[in-house]
Structure formats: structure tokens, C-alpha cells
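Student: I have a structure open in front of me and would like to learn how to read it. Could we go through it together?

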Amino acid sequence: MKFGAKLLLENGISFEGFGFGFKKIGVGEVVFNTSITGYQEILTDPSYDGQIITFTYPHIGNTGINFEDNESKNIAARGMIVKNFCDFPSSHRSKMSLEDFLVEQKTICISDIDTRHLTKILRDEGCKIGAIYPTQLFTDEEALSEINKFGSMDGKNFTENVAVSKQYNFGDPGTNKRYKIVAVDFGIKENILRIMKSLGGDIVVVPPSTSAEVIKALNPDGIFLSNGPGDPSVLQDAVKEVKKMMNLGLPIFGICLGHQIMSLAYGLEIEKMPFGHHGANHPVHDLKNNTVFITSQNHNFAVAKVADRDDINVTHKSLFDGSIQGIEHTSKPFYSIQCHPEASPGPKEFEVLFKRFFEDMNA
Amino acid sequence: MPKREDLKTILIVGSGPIIIGQACEFDYSGTQACKALRENGYRVVLVNSNPATIMTDPEIADATYIEPVDWQSLEKIIEKEKPDAILPTMGGQTGLNVSLELAKRGILEKHSVEMIGANREAIDNAEDREKFDNCMKELGLETPRSGFAHSMEDAWKIYKDIGLPCVIRPSFTMGGTGGGIAYNLKEFEEICMNGLKLSPTKELLIDESLVGWKEFEMEVVRDKNDNCIIVCSIENVDPMGVHTGDSITVAPAQTLTDKEYQEMRDASFKVLRKIGVETGGSNVQFAQDPETGRLVVIEMNPRVSRSSALASKATGFPIAKVAALLAVGYTLDELKNDITDGKTPASFEPTIDYVVTKIPRFNFEKFPETDSRLTTQMKSVGEVMAIGRNFQESFQKAIRSMENGLVGLSSILKENEGNGALKLELSTPGESRLWFIADAFRRGWSMQEIFDSCQVDKWFLHQIREIVNDEKIISESDLSAIDQTTMKSYKKKGFSDARMADLLNIKEQEVRNYRYELDVHPVFKKVDSCAAEFDSTTNYLYSTYDEFNESEVSDKKKVIVLGSGPNRIGQGIEFDYCCVQAALAFREENIETIMINSNPETVSTDFDVSDKLYFEPIVAEDVLEIIRHENPYGVVVQFGGQTPLKLTDEFEKNGVKILGTSPSAIDTAENREKFKSFLSDFNFLQPENRIAQSVEEAYKSVNELSYPVIVRPSYVLGGRAMELIYTDNDLKNYLTKVALISPENPLLIEKFLDDAVELDIDVICDGEKTLIGGVLQHIEEAGIHSGDSSCSFPPYSVGDTQLHTLKKEIKAVAKKLNVVGLMNAQVAIKDDKFYMIEVNPRASRTIPFLSKCIGNSLAKIASKVILGKTLDELGLSAEIMPTNYAVKAPVFPFNKFRKVDPILGPEMKSTGEVMGRGDCFGEAYGKAVKGAGESIPKDGNVFVSVKDNDKKYLPDLCTKLTKLGFKIVATKGTAEALEGTGINVKVINKVLEGRPHIVDAILNNEIDMIINTTEGRQSIKDSFSIRRSALEHNVFFTTTVSGGFAIVESLEKGVENWEYKPLQLS
């Protein structure tokens, strides 16, 4: 049932609307995502930990929630903002309504606000910390104090919240698996694992703090560094270990946060973007093949620049803002990508990147 | 890689006349293509027979040929212009088919013309159902179980395999012409036989029926580096079984998860690659089993289409322009996205933050004999689109954009109709299915019952249910009880003031006043292709009841141009042409131009035509909100046909300045009594007329006037229910079956001017001086709706002195009426006397045609006059005299409507027009006929059967025909009229006179041409089967004697002597 709710931004701007889902206060960095489809995947993407997602598409919830499309078991986002909340889903695969899912996952949603206006604020002024709360349960002052308590995104380690603390094998091991892959989990999206499994991967998922020695002891054919939430600069331990991994003579493939960690390991700088990239329509230029991929994107940090380096090359750039989207090592099988070749949601054409990883493991 | 430098001249093929299935969306795409290629330095040669288009304006291409779009004409033009390439993908099915024909005949190869955009193989793969099916199989994509038939024998074999119901589609026909769903064996046989006849390749695809499956379309663009993007997804609210052109559709798709959406996206790209569309836009259609999600590919179009026009308007991504540039070698990343001012490249996928609804517009009332159920053959004549921040808002805005009297989801089920009738309406859809669904909810039907009857996805059903629930609450409420928040909540769901007024049983104005008191107004948001991720300065706007406004108002002097809304018979592309010309003129004068229109097929709704575009319903509520926001200098109502004129009263009431001719002058012209007294100062007679308020009065009036008379209910447009009456019997029938007279619904009875010559005169008046735009002579005599009549410019049988006198009189009329801008007059000449039929102080249907004839845009000149320029200042005091003949010929939808009589009368039935140009009348007429898709035979048997009044012309006509080599076949009565002329006549039975009769002869291919004129209901009825079988057997026929003489003139000139000249040379 809907209830009175409010969205308050750190700069004091507030929006009144209706609440759906769990009645609590949700605090986080307010970002916007321009995907039309895929709210289920987006909500369950661990990379959104610490963030509140504004969906620019105005009808959210149309296809309900099914059992197959989750990217992790839980909703990582701290809240969601929509224009129209759909309480009557229709899809042959739908098993529950979005509202029930939000309640189950203890997540709050606010609807019926001018999401386009909010998006423009975020675009023009940069992402803001904000809070969504039921007006019955919280006052504006309380909300503001929660926002202040949350502070800024910088320097926060969110991977701890979403990554595994114990290693595990993905899927049933031993059945026709040709490549052993260690996937370092910073908040991994399940579709990455599904794709690698379908390509013949026997995957061990390990916690973000796993050392290069431990990984070496697992005797893998390749190392995968996953996506994940938040600021990479707080993951200096991981960066140190990745530097060591780079001496193991194994192919390393990083996506999103994994890409940023590799970049830090190369000694590159990472910068915070004003409002990031969140959507499924971003063109990325493949500089080597001079082709364009439409990609799924979700990041607020990016590699600042790669100047005069002999050991690494920029392989991909965003055609929206020219930001660096892909880097490879000139002599070693290391490559990383900022956007999401595993899609989910979004275009699947970039899945080809996984093939290269598997070819190198074969070599 | 930049554009190709090896190409210099590119030939663009237009789509010809507006017909069902191929409307002005191809003017929009072709215009974009021409502009884009010229901006890139190419020389563009354009061929299109349709003079009402923007693309055939001389400024749009380097060489414009208004000539028939057939391979014979194109070959001549290719010989002359020697293009390096031909772009076949902008002219709809017509463009593709004719280009394919040129390729197959080796003409392209012979003249080294390269096909760009789509090559022969790709067109073949996509259009040939058998090849397409094989391609899909190789891709591992499912298609419906199906088979191909080249004969009835084949068809029966396939029937045994897939059973009934099944879907039958003839290959290579546009808009699904001839296709249909067969539920029983009789229908199966009928549709197959008809389809085999219509398909140029004598091929049918018979598919397993997917009736009730969900239907989706993906709009795809691909470049030569194999970069592919989806511009937009479209979901059909009407499930499979209704042609997508006749379906209510929504963009983007609403009921797909990302997994399913991506499956469709991937499949779409695979299809393009496999079919071989190397560059450009295409659309791929899918069906999805609502229970299992099983996906099936239905078809693809390797060209821009009606849905790509919709997708362009829905997203702000100009597909046609981009497709044209990709065809000459650019890649997507090299092109800029115009709507974000180039901040982003064209190589991205538009994302939108609103919902778009398209509703088709039908004209079944003009064809009462036809089956108005919707099937896989397209029957709609136009469409509207509306944008809102939720489905309900966009849907209800679309409803009121339709201009068919509906202001919301009103109940249409009669109280005495049972649930059986309702169920039938849900399961065999007509144009009002969603309204019946609403009625089913009102009657308490459950969601499941309704879904089982109609298979419309429950998501949409739920939306309708919510509207119905809200309506109930409103109807049980009082206006004063509605507070600001509640009012806002209703407006957010799209309820119009008028619909709320209906529900509250009060006047629309009361709701509006109250809403203004509550200060509830819409805001305006931008269409920007990126959901506000990037800043866009492009003013492509829509209204919505949201919180924050984005439409910044400048302090420049601004003018609002009101468009003409959805295409319909009687009001089509001609008015969009005028609106665009007006916008161009105002911009030239440095006035900020604001366009309002609701028709996604048009050029006027291109965001770069005007300074600001509001994609909105053209009804008082929405237009007044824009005026309130913009506070313009004035509003222009004279270019958009009846649509904006209907708002004149509202504008006056609200103190909005109407530019050009004043509302009182408009009133004088439109009010019968005022006009009669106005005209008394001039040398014009008016056909005598009476107004009858009862049946007795009607008979009395007719008695006074004497037959023949034209009758019509008062206050109707486009000649609705207008009829020519010759006998008491006809009158009796009319009064009992067609129009029921009452004091509230009086009947207008007018003496019919038999044997008169009818003229159309378009002029521009600046208040003082009047410029004669031109005088057109109707080829068919008076009594046939002017929109359905062929006409010639200059007149071909009216003397100069008479014309001179007429022009002088018309100038005086325009001045006295205080016309500022355009005025059209229809005049009949009988026995050397002028009769004024009507005067319309606004743009007429003939403006674009005439503008092409004289090489000067009358609408543009009129626009400047409206702003206060004098004709002298514009240097246009003298009439522009034509250097050659031009004939306008109408095009009819009779082949889409089975059982309809293709006879002409006072009610307009044509959907479009073509123009033929030549040195003499005969050549121009012949080309116009050819352009309309018909061909006059050179010789053979001509069947002649004419009404008594026409018999005096017969000897002359038949002598000429005989000289040309025709043999005359005639009915007994007609043959008698030829006695003593020495003409050899073969007498044949009328249908009622026993067999073998004339229809037998037609079916046996023994007749090559028909001249058949009739008078009175009985004779029309008797000869119906002649016209219908002639139509179905492609036998050329005319229903007027003047048409017969025109044919003679055309044949005397001879096709082989036709010459092709671009507009720019004359």
C-alpha cells in the first residue's frame, strides 16, 4: 500500500510523493539510470550499494519480479525513485510484484515526483546525497541528520557489504569445465558468472581481500576482477594484491570496479565523475577495430587519463564524453573495461569481450 | 570514414500518391533525405507524382520530376539525368518495388546506376516471403508455420497442413493489400483468389494464425561498419490479427523484461545482417506467445516506414535523415545527434522518459458497404500520436487528438445491447475496441473475461480499468467538491476538460474555468532522445501535468501555426504542406514560429521546421494552454484545413488574435444567409436552394427546384451523406435511409447544375489587391466532389474572355470580403452564366498543386501577406501564367474496401492525388492517370454505356475512339444513340438482360476500357457489378463523359511522345 513519502537532497531541495515498499528511511547518493527495461537487474546489482536510483523511464514495475533475472540475492540500492509505480504487473514470467519484492528486501521507493526535473538537477549539479522516508515516521530534520550522518561517498568501502566473505564455487563443479577461473568478488553481478560458466568456466568466487598467493594456490587459468560499488581508492589492499597478481603470468580481466582497480595497479589516477554513467544506451568506441558498441554502464568513477605509457593502451572510449572505457596491457594478457559487457540489463553485443579472456586462457 | 566521393548525382524515388498504407510519412522521410544529401554536396534528382508533398517543392531537390513513379518514366529520367546512384528506401513500398523492377530489367546496370541503402538482393530477401522464411530458418529464428502458394491448388495443400484460422498475405503488396485472416473455408478461398490476383508475383504466404499473440516492432538502424542501433521499440495494444497500421500502438514497449527485450534486439540485428541491409533503417516485427514467451519473427521492411516515422517523432531521432547519410558512406559515430545540438553522436540508442501512444484514424463512414472489422489488411487513413508522462495521459491525449468527436473513453455500447454483442466487439475488433473494453469493465466484467475475449495484454486492460474507475468517481462527484490535488490527479491521468464535463454533466467551459481558478495547468517538457542526460536546446515539446516547466518563452515576436491533425479523407497532406510553407515564411521574416500538430506522419512535426514544436492535440483545451504559456502575437488558422478553423470561436472568446482574414469574414463566407446577401452585389448566381425541416417540405422544395438536386444534412463536412437525386424514388430512399429530417437536423436541397463546367480559383488578397493564383478546371462535371474530381491547369475548354471576366469578379469578391491571405472559390459555368458554389477564405486542397504549376509557393506568399506585407512589396502583382499543362488526378482506396462501389459522387472518397505535366492537356492527363497507377489501353474493345443526358456527346466521342483503333461495345440503349453515325457497334446485354452480359465479358478479358455514366440510384445499382469487376480486373474505366474525352486527347498525344522535364526548368 502506498504511503506519504518525501525525498530530501543534501542541498535542501525536497520532493513529495507516494511511498511504496518498506517503510524506512533510505539514505544514499542519488543517481539516475536511463534504462527503459531491466529495473529488476538494476535493483539487484550490488554496484548500487550506497546509492538511491532514479529511474528516468516513467513506468517501473510493469513486468513484476521473476526468479531468473536477479543479479544478486538482494537489493543493494538504498532506495528507488520513480515517476509511476506499477502495482499491476503483466508478464508470463512474473512471480511477484515489485512492491512485494521491495517489502521483502526492506527497500523504500518514492513515486509520483518529477523525476525528469530531479535528473536535470543531478546532471547540472552533480550527484547528491539524499534520503527517502515515510513522512509519517520521519521529520525533515531527522532525514537531514541521517543525510549528514551518511556524509559523502568518497572514502567509503561498500564492497564489504556486498562481496562474499568466504570463497565458493559457482555452479556445479567438475562437469565439462575447461578453464579454472578465480573471480575476485567486489560485488559481482551474477550474469558475469553465468556467461563465464556458459563459456566453459569452472569458477571459484573469492572475497575481495584474497591475496595473490591464495589465488596462485588455487592454480587458475585466469583471474577475473569483478564490478562493485563505490570509490576504488579505498581498496588499496586489493590494488596491492592485483599488482602481485600481475606477476603470476595469468590472463587478468577486469570489469568496472575491477577495471578501476587494475588501472590503479598500473599507477593511473581515478577521478569522480559529476553524475556518472548509468544507462543501457551508451556508445563506446572500440579504437582498435573502429566499431561502436552500445553498452550498459554503471559507474561514478573513471580513469582520469593515460599519458605516454608504453606498457598500456587505451582500447575503448565513451562516445558521449570521451572518457576512458577500456585499457589493455601491450605485452601481457591484461585487459579491463569500464562498462558492462555482461549487460543485464542492456545490450549483449559486448559479450564478445569474454571470448578474448577465454582465448588467452587457452593460449 | 567520411562520405563517398565517387557519387555525384543521386536519384531519390518518392512514394507517389497518398493511399491507405502509404501516407505522408514518406514525404517526411523523402524530404529529410533530399535535404541531408544536398547539404552534403550531392546533386539530388527526385521523382514523385504527388504534388501535395513538401519534397516536390523546387527548393528541396536539384531536379524535381513530378512524374509517374513507374519504371518506364524512371528509365527516361535516368537516361536524362544519368544519376550515379538510386536511393530506393525512402519511397515506401512503391519506391522499393519500382527500384527492384529497374534492377530486374537491367536498366540500372545499363546506365551504371548503383542501388544504395538496400540492394536488389536485400529487397528480394525481405520482400519475397519464401526467401525471407529461409533466411530466418538459417538464423535459427522461428517464423510462423507457413507455406507458399502460387495457385489455389498450392493453397489447399497448405490449408491441410496448418488448418484454420490462418493468415493470408500476398507478396509485394503494400499495407497488406489483399491479405486477411480466414476463419472458414469460404473466406479462405475468397482471400486466396483475390490475393493471387493482387500479388505482382502471383504468390501468397499462408501462415499459422498467431491471433492474440503480443505484437512488437523494433526500429533498427545499421551502418556499413555493422554498427547497429535500436531507435525505438513499439508495442501494439491490439494483439496479432490487426494490421500494425490499424493497431493502437505504444512506444516504448511496456510489457517486456530486459531479457525479452534484448532477445528481440539481438534477433533484429541478426535479421538485418542476414537479409543484407547494409545501411539504413529497417523495422522488424515480432509476435510473442503471451503464455510461454515464444518469439516469432513476422516480417521486416528493408526501408524507412510508417513506424520509423513514428519512432522518429517518438524519440526525436531522425531515422530517414540518418539512413540517407549512412547510404552514402557515413558511419553512425560520424554523425551527430541533432536534437542534443551535436553533443552526442548518432551512434547511441535513444532513451525516453515519457510514453507515446499512436491511434489510427479510420473513415469507414464513407464506405458504409464495407466490412469495418479490422484485419491484417490495413484500412486506416491516418493517425495521431500523443505524448504523456504515463500511458493514461498519452492515451487520453491521443483520443482527443483524433478529432472524431471523442474526448475520452466514453461509453459507446448501447444500453439495449447484450453481453453477446459486447463479446463480439471484443473478439472481432473494429476501430472502437478499447472503448468497448471500457464498457465491459463498466458492466462489471472481470479482467480475465475481458482478456479471454480480446487478448489485449492485462497491463493495458488494467490501465483502462483505472480510467473507468476514475470516471465513475468523477461522475458521482460535484465540480466544486474537486480540490486542487484531486483535479491535478485527474489531469495527470489525461482526463480532458471536455470528458470531465461529460461525466459531471456540465459544460466544458465550466470545468476549464474552475480548473483555472484552482490554478491547475500543464507544464511543458522536452523530447530530447536522452531522458535529460544531456542538455538540449531543441524546442520539441509536449504538455504534461507534471511539476516543472522546460519551455522557455522568448521575448521575440511569435506566431502560432496550427496544423491539420490526423490525415483523413478530405483533409490530408495538402494542409500539412501549407503549414510547413507558413512556418518557412515566418522564419524568413524573422518571426518565432510555433507549430502545433498531432500527426506523426508529417513534415510539420519535424523539430527543425519551426522554432518550437508542440506535439499536442489541436483542441481548444490544449491549444489555449500553449497560448497562455507563449502569449503569441497571433495565431494562424487558415492553413490547417477545418481543424484550426473550428477553434476560431474559442480564440475570439479568449481574446486571441487571429492573423489574416478576420473571423467575421470567415463567418460571412460560411454562413449561408450572410453569404447570399453578400453575393448580391456581384455577377454571380447561386444554384437555387431550399432548407427543409420536414419530409413534406423536402418534397415541396424539390418540386419547386425540379430534379436533379443535391441534398445534404446541414452542417456536415467533406460532403458527408451528400447525394445527387434524380427521381422521387431516390429522394424517398434518401429521406428514409440516409438522412432523417427534423427541425434540428434540416436538409439542404440545392438545384443541381447539370452539364456545367466547374472551376476552382485560388487567390491571395492583401486586403487591397488580389493575386490570382490560378484557375483550375474540373474535368468531371459538377456534382462530383471537388476533391475527387480531376482538374486541369490552365482550364482546357473555357474561353479567355470568360476567364478574364471571372477573375475580375473573384478579385472583387476577395476584396469586399476583406480577405487577408488565401481564398478559394468554386464556380460553375452553365449557359455562359457564373454560379458561385462556395467561397472558402482559407487554404484549399489545391494550393500545393497550383504552387507546383506556377513554381511559386502560394502558401508562403499568403503567410507574408498575413504578416502585413502587401503583394506589391512582395513584387507579386501579376498572375503567373503557366508554361505547360498540368492535371491533378485523385486516387481512391476502392481496392482496399471490398464490396464498395467505385463510383464518384458529391461525397469525397479519394485519399490522395497525383499530378501529370505535359505540353498539352492530353499528355498531362495521360501522365496523371499513369501516376495514379492506372493505364489507358491503346486500343481494343471499349464498352460504352451512358445516361440519357450524355447521349448527345456519344457520336463525337465514339468517332474519335474508333479513329484511334477502338472497337465499340455498347448496351442496346447506348447503341441506338449511335445509329446513323456509321460507327460499328457490338451490342451486349446489361447484367439484368440475361447472359452472357457485360460482366461476363469483363471477366473473360474481352473488354479493355469502360465508359459508364449513370444517373439515379437504380441505374447506379444496376451498373455496380460492372464497375466493381472492372476495378478488380484492372480494366480502365471512367464514370464521366468528360473523362472519356480526356482519354481521347491523351491517346491522341501518344505515350511515346511524352517528355520529362524537371520543375526547375519551367
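Student: Let's start where the chains meet. How many residues does each chain bring to the contact between chain A and chain B?

Tutor: Keep in mind that this is a predicted model. A good way to read a contact is to count each side and then look at what it is made of. Here 41 residues come from chain A and 44 residues from chain B. On the side of chain A that touches chain B, helix H3 (115-125), strand E15 (270-286) and strand E16 (291-303) of chain A are the elements that give two or more residues. By class, that side of chain A has 12 nonpolar, 20 polar and 9 charged residues.

Student: Next, the records. Where does UniProt place the feature "binding site" in chain A?

Tutor: An annotation is a list of positions, and the model lets you see how they are arranged. The UniProt entry, which is unreviewed, puts the "binding site" at A:Ser47, A:Gly228, A:Gly230, A:Leu257, A:Gln260, A:Asn298 and A:Phe301. These positions are spread over 255 residues of sequence, yet they cluster in space, with a largest C-alpha distance of 13.2 Å.

Student: Take A:Gly230 from that list. Is A:Gly230 buried or exposed?

Tutor: To decide, count the C-beta neighbours; 20 or more within 10 Å means buried. A:Gly230 counts as buried because it has 28 C-beta neighbours inside 10 Å. This glycine is found in the loop between strand E13 (222-225) and helix H8 (236-245) of chain A. Leaving aside neighbours within four places in sequence, its contacts include A:Asp49, A:Gly50, A:Met153 and A:Lys156.

Student: And what does A:Asn298 touch?

Tutor: Not counting residues up to four places away in sequence, A:Asn298 touches A:Asp45, A:Ser47, A:His277, A:His278 and A:His340. A:Ser47 is also one of the annotated positions. A:Asn298 lies in strand E16 of chain A, an element that also gives residues to the side touching chain B. A:Asn298 is buried, because 28 other C-beta atoms lie within 10 Å.

Student: Which residues does the "binding site" annotation cover in chain B?

Tutor: In chain B, the UniProt annotation, again from an unreviewed entry, covers B:Glu299 and B:Asn301. B:Glu299 is found in strand E14 (residues 295-301) of chain B, and B:Asn301 lies in strand E14 of chain B as well. In a regular strand, side chains alternate between the two faces of the sheet. B:Glu299 counts as buried because it has 20 C-beta neighbours inside 10 Å, and B:Asn301 is buried with 24 other C-beta atoms within 10 Å. Outside the residues up to four places away, B:Asn301 touches B:Ala126, B:Ser282 and B:Asn283.

Student: How do I read strand pairing, and which strands pair with E34(B)?

Tutor: Look for the bridges and for the sense in which the strands run. Strand E34 (residues 940-945) of chain B runs parallel to strand E35 (residues 966-970) of chain B, joined by 5 bridges. One partnership there is B:Gly940 with B:Phe966. E34(B) also pairs in the parallel sense with strand E37 (residues 1009-1012) of chain B, over 4 bridges, where B:Val942 stands opposite B:Met1009. With helix H32 (residues 954-963) of chain B, E34(B) and E35(B) make a right-handed β-α-β unit.

Student: Last, how far apart are the C-alpha centres of domain 1 and domain 5 of chain B?

Tutor: Those centres lie 31 Å apart. The two domains do touch, with 6 residues from domain 1 of chain B and 5 residues from domain 5 of chain B. The domain 1 side of that contact divides into 4 nonpolar, 1 polar and 1 charged.

Note on methods: Residues are numbered from 1 along each chain as its sequence is written. Chains are lettered from A and ligands numbered from 1 in the order in which they are written. This is a predicted model: local features need pLDDT of at least 70, side-chain atom pairs count only at pLDDT 80 or more; totals for chains, interfaces and linings use all residues. Two residues are in contact if their C-beta atoms, placed from the backbone, lie within 7 Å. Ala, Val, Leu, Ile, Met, Phe, Trp, Tyr, Cys and Pro count as nonpolar, Asp, Glu, Lys and Arg as charged, and the others, Gly among them, as polar. Two strands pair if DSSP finds at least two bridges between them. A crossover is right-handed if, with the strands pointing away from the viewer, the path from the first strand over the helix to the second runs clockwise. UniProt positions are given in the numbering used here, feature names are shortened, and annotations may be inferred rather than shown by experiment. A residue is buried if 20 or more other C-beta atoms lie within 10 Å of its own, exposed if 12 or fewer, and partly exposed in between; C-beta atoms are placed from the backbone. Domain bounds come from an automatic or database domain assignment.
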